[in-house]
Amino acid sequence: MKDKAGRQDSRFFITLKPAASWADDNYAAFGRVTKGLEYILGLEQIPVKKPSNYPVKVIEIVAAGCYEH
C-alpha cells in the first residue's frame, strides 16, 4: 500500500474474523499460525482504543518464523 506521498507502507495485521473485506485491494494476505494459536486468541481479550482499535498496551511479536512445506 502506498501512502499519500507515494511511499510504500508496510503493516502487520492479525485478524481472527472470517471476513476481512476491509483489506480488499489494499493489502496482501499471507502466513498462517502453526504454533501458539492460544496466544493469538488471547489478543482478542486485550482492550483497544476507539476508533483506531489500537491495543491499550504494547503487543510485541518476538519470535516469528517461516512455514516450511
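A pocket and the loop beside it

Let's start with some empty space: the second largest pocket in this structure has a volume of about 940 Å³. Keep in mind as you look around that you're dealing with a predicted model. How do you spot a space like this? Rolling a probe the size of a water molecule over the atoms shows where empty space is left.

So what lines the second largest pocket? There are 22 residues in its lining, and the ones nearest its centre are Phe 13, Ile 14, Val 48, Asn 53 and Pro 55. Sorted by character, the lining comes out as 14 nonpolar residues, three polar and five charged.

Asn 53 from that list is worth a stop. You'll find Asn 53 in the loop between E1 and E2. Its backbone does something to look out for: phi is positive, about 65 degrees, even though Asn 53 isn't a glycine. Is Asn 53 buried or exposed? With a relative accessible area of 41%, it falls in between and counts as partly exposed, because that label covers values from 20% up to 50%.

Now look at Pro 51, which sits in the loop between strand E1 (48-49) and E2. Check the link leading into it: the peptide bond from Lys 50 to Pro 51 is cis, with omega near 0 degrees.

Finally, follow the chain to Lys 57, in the segment after strand E2 (54-55). Lys 57 has 52% relative accessibility, so it counts as exposed, the cut-off being over 50%. Look across from there to Ile 46: the two residues are 11 residues apart along the chain, and their C-alpha atoms are separated by 7.9 Å.

Note on methods
Residues numbered from 1 in each chain as written. Predicted model: local features only at pLDDT ≥ 70, side-chain atom pairs only at ≥ 80, totals over all residues. Heavy atoms only, no water. Helix = DSSP H or I, 4+ residues; strand = E, 2+ residues; numbered from the N terminus. Buried < 20%, exposed > 50% of the residue type's maximum accessible area, 1.4 Å probe, protein only. 1 Å grid on protein atoms, 1.4 Å probe; cavity = no way out; pocket = protein on both sides within 12 Å on 5 of 7 lines; lining within 4 Å. Points joined across faces, edges and corners; volume = space filled by probe spheres on them. Nonpolar A, V, L, I, M, F, W, Y, C, P; charged D, E, K, R; others polar.
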